[in-house]
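Q: Please pick one part of this molecule and walk me through it slowly. I'm new to this, so spell out the terms as you go.

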Amino acid sequence: MILMEEVIPGIYRIFDTFVNVYIVDRGDHLVLVDTGIESTCEKIIEAVKKLGKPLKAVILTHGHMDHTGSLRCLKEVLNPIVASQEEEVEMIERNTGVKVDVKLKDGELFEGFRVLHKPGHTKGSICLLDEDSKSLFVGDLVVEENGKLKEVPHQYSMDPEMNRKRIIELLEVEFENLMPAHGNPIIGKGKEKIRELVESFNLS
Ligand SMILES: [Zn+2]
């Protein structure tokens, strides 16, 4: 089995069971987007070792257990800085017992990512925009299935209607690649696939 896949230059995907995490190369160090489930920890450690650079920071798109499951293990082994949107801090600290070091705000630039606050799935859900590569890390705002984007099943979201509004807002964001937590990354056609999803809302 492949440990990690280089999705585009400098962006690596690790898939575990049903969830993705992404390692982004920032030159002299690495940054991780989400941490997957408990078993993802050893995969991340192995991948970091293979890439041969320190893991400086972990950014969490939100606090659900399939995104924060290996945070505790990673903190103990690699000791990265932990960052999340400020309204998500409480849930993350409660679920993991790990302190959040950096409380992110909408519009802020952190480790090369523009932070886009998109509450709906949870109150502190964020998307992260890597402006250089035009790649958008969406957390659970949308999921990919068979080449198409879908909403996360409504029962998993705090406010599915609000989540839907946030998806529509992505039409105003400049990006090409879409990196979901669930499903395959969409390279080049990310914006187009969001547009298709938004059009399907108008029909339903
Ligand atoms: Zn979630």
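A: Let's start with the metal. The zinc ion has as its protein donors His 62 (NE2), His 64 (ND1), His 121 (NE2) and Asp 140 (OD), lying 2.1 to 2.2 Å from it. Donors here are N, O and S atoms within 2.8 Å of the metal (3.2 Å for Na, K and Ca); water is not among the atoms, so sites may look incomplete.

Keep in mind that this is a predicted model: local features need pLDDT of at least 70 and side-chain atom pairs count only at pLDDT 80 or more, while totals for chains, interfaces and linings use all residues. Residues are numbered from 1 along each chain as its sequence is written, and side-chain values use heavy atoms, with hydrogens and water left out.

Now for the geometry. The angles between the four donor atoms around the zinc ion run from 91 to 165°, so the arrangement is irregular. As for the cut-offs, four donors are tetrahedral if all angles lie between 85 and 135 degrees; four are square planar and six octahedral if opposite donors are over 155 degrees apart and all others between 65 and 115; anything else is irregular.

Along the chain, the donor residues follow the spacing H-x1-H-x56-H-x18-D. His 64 sits in the loop between strand S5 (55–59) and helix H2 (65–68), and Asp 140 in the loop between strand S11 (135–139) and strand S12 (143–145), so this pair ties together parts that are 76 residues apart in sequence. (Helices, H or I with at least four residues, and strands, E with at least two, are DSSP runs numbered from the N terminus.)

How open are those two donors? His 64 is partly exposed, at 22% relative accessible area, whereas Asp 140 is buried, at 6%. Buried means under 20% relative accessible area, exposed means over 50%, and partly exposed is in between (1.4 Å probe, protein chains only).

Next stop is Glu 88, in the loop between strand S6 (81–85) and helix H4 (89–96). Glu 88 is buried, with just 1% relative accessible area. One of the residues it touches is the zinc donor His 62; the others are Gly 63, Thr 122, Lys 123, Gly 124 and Ser 125, leaving out residues up to four places away in sequence. Contact means heavy atoms within 4.5 Å. Glu 88 and His 64 are 24 residues apart along the chain, and their C-alpha atoms are separated by 9.8 Å.

S11, which comes just before the Asp 140 loop, also belongs to an open sheet of five strands in the order S8-S9-S10-S11-S14, with mixed pairing. At its edges are strand S8 (109–110) and S14, each pairing on one side only. (Two strands pair if DSSP finds at least two bridges between them.) Inside the sheet, strand S9 (residues 113–117) runs antiparallel to strand S10 (residues 126–130), joined by five bridges. Look for Val 115 opposite Leu 128 in S10. Four of the five residues of S9 are buried, so S9 is largely enclosed by the rest of the structure.

S9 also pairs with S8, in the antiparallel sense over two bridges. Here Phe 110 stands opposite Phe 113 in S9. Their hairpin has two residues between the strands, and Glu 111 takes a positive phi near 50° there.

Finally, follow the other edge strand, S14. Strand S14 (177–180) is one of the elements that the buried residues of helix H6 pack against, along with strand S13 (148–150) and helix H5 (160–169). H6 (residues 190–203) has 14 residues and reaches 21 Å from its first C-alpha to its last, close to the 20 Å expected at 1.5 Å a residue. (That expected span is 1.5 Å times one less than the number of residues.) Its buried residues are Gly 190, Lys 191, Lys 193, Ile 194, Leu 197, Val 198 and Phe 201. They cover an arc of only 165° around the axis, so they lie on the same side of H6; the arc is that of the directions from the helix axis to the C-beta atoms. On the face turned away from that buried side you'll find the exposed residues Asn 202 and Leu 203.
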